[in-house]
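This report describes the fold of one protein chain and then turns to a few of its parts. Please keep the sequence and the model in view while reading.

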Amino acid sequence: MKFTNTLIKGKLIKRYKRFFTDIKVNNSIVTAHCPNTGSMKGLLDKDNTVFLSTNNDPKRKLKYTLEIIKVRKNMIGVNTLRANKIVNHGLENKLIKEFISCRNIKPEYKYSNDTRFDFLCDNKLLEVKNVTFIRNNIAQFPDARTERGTKHLIKLKESIGKKFKPFVLFLTQIEDINKFSIAKDIDENYFKNYLIAKKAGVKFLAYKCDVNSREIKIKEKIEILDE
């Protein structure tokens, strides 16, 4: 997934009201939209280098959108609205080996009256979880309690009885990371349901991305640690 315009580099001042960030760009301070509903744990230190996209649509309240935060040496994609675009590009370009043979890709598949999954690829259900949290050089999910995530695990497990093949893809938008695990101390219930779903036959994948100011794309599969 390529950015349509060159990203603007700045320094993080603060995030507030969840969807707003103040950024220092050159000698000015701008307010950017923060399209990430998570806690963004470990990413929000003052003076972290950030990258912003621009949109000159007069109907938009904010011209800038926060896309990437650099934490130490790691470039991290934080715009969760781009996660499915990155995965869709990966599916279409055969970058996810478990889905290479899929012919029909349907985004936003309505599984039931109260549940949609991110993709249906032939008979494979795919739910995408965006990963931005790093601890001890391991990418982790979630960075806060997620009842919605637990609901998805339960529904994916249920789907096996309906002849679907369910998958969860932990999209790790983090450079130079090679291992992933569930943050069970942050959400013990999610970890418990992860183990139940895995035992029942739900497949779990973690792929890392190339992240830079020109594009973000899926790079390769990384190891999932259960403990």
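The sections below go from the whole chain to one helix, one strand and three single residues.

## The chain as a whole

The structure is a predicted model. Its chain contains three helices and 16 strands. The radius of gyration is 18 Å, close to the 17 Å that the globule rule gives for 227 residues, so the chain is as compact as a globular protein of that length. Measured out along its principal axes, the C-alpha trace spans about 60 × 35 × 30 Å.

Of the 227 residues, 51% count as buried. The chain exposes about 12,100 Å², and carbon and sulfur atoms supply 46% of that area. Among the contacts with a separation of 6 or more, 63% are made by residues 24 or more positions apart.

## Helix H1

Helix H1 covers residues 83-92, and its buried residues are Ala 83, Ile 86, Val 87, Gly 90 and Leu 91. Seen down the axis of H1, these buried residues fall within an arc of 135°, so they line one face of the helix. On the other side of H1, Lys 85 and Glu 92 are exposed.

The buried residues of H1 pack against several strands: S7, S8 (115-121), S9 (124-131), S12 (165-172), S14 (203-211) and S15. After the helix comes Lys 94, whose phi is positive, near 60°.

## Strand S4 and its partners

Strand S4 is formed by residues 49-54, and five of its six residues are buried. Which strands are joined to S4 by bridges? One is strand S1 (residues 8-16), which runs antiparallel to S4 and is joined to it by four bridges. Within this pair, Lys 11 stands opposite Thr 49.

Another is strand S5 (residues 64-71), also antiparallel to S4, with six bridges between them. Here Leu 52 of S4 stands opposite Leu 66 of S5. As a general point, the side chains of a regular strand alternate between the two faces of the sheet.

## Ile 216

Ile 216 belongs to strand S15, which comprises residues 216-221. Is Ile 216 buried or exposed? Its relative accessible area is 1%, and a residue is called buried under 20%, so Ile 216 is buried.

Leaving aside neighbours within four places in sequence, the residues in contact with Ile 216 are Met 1, Phe 3, Ile 68, Gly 77, Ile 86, Gln 173, Cys 209, Asp 210 and Val 211. Two of these residues have already appeared in the elements above: Ile 86 is a buried residue of H1, and Ile 68 falls within the range of S5, residues 64-71.

## Gln 140

Gln 140 is found in strand S11, residues 138-141. With a relative accessibility of 10%, Gln 140 counts as buried. The side chain of Gln 140 is joined to that of Arg 135 by a polar contact of 2.6 Å, and to that of Ser 181 by a polar contact of 2.9 Å.

Beyond its neighbours within four places in sequence, Gln 140 is in contact with Val 131, Phe 133, Arg 135, Phe 180, Ser 181, Ile 182 and Ala 183.

## Ser 112

Ser 112 lies in strand S7, residues 105-112. Ser 112 has a relative accessibility of 18% and counts as buried. Its side chain makes a polar contact of 2.8 Å with the side chain of Asp 114.

How far apart in space are Ser 112 and Ile 216? From C-alpha to C-alpha the distance is 31 Å, while in sequence Ser 112 and Ile 216 are 104 residues apart.

Terms used
Residues are numbered from 1 along each chain as its sequence is written. This is a predicted model: local features need pLDDT of at least 70, side-chain atom pairs count only at pLDDT 80 or more; totals for chains, interfaces and linings use all residues. Side-chain values use heavy atoms; hydrogens and water are left out. Helices (H or I, at least four residues) and strands (E, at least two) are DSSP runs, numbered from the N terminus. Buried means under 20% relative accessible area, exposed over 50%, partly exposed in between (1.4 Å probe, protein chains only). Contact means heavy atoms within 4.5 Å. Two strands pair if DSSP finds at least two bridges between them. A polar contact is a pair of N or O atoms within 3.5 Å; within protein, one must be able to donate a hydrogen and the other to accept it, and residues adjacent in sequence count only if both atoms are side-chain atoms. The radius of gyration is taken over C-alpha atoms; the globule rule is 2.2 Å times the number of residues to the power 0.38. Accessible areas come from the Shrake-Rupley method with a 1.4 Å probe; for residues, only the protein chains shown count as cover. The arc is that of the directions from the helix axis to the C-beta atoms.
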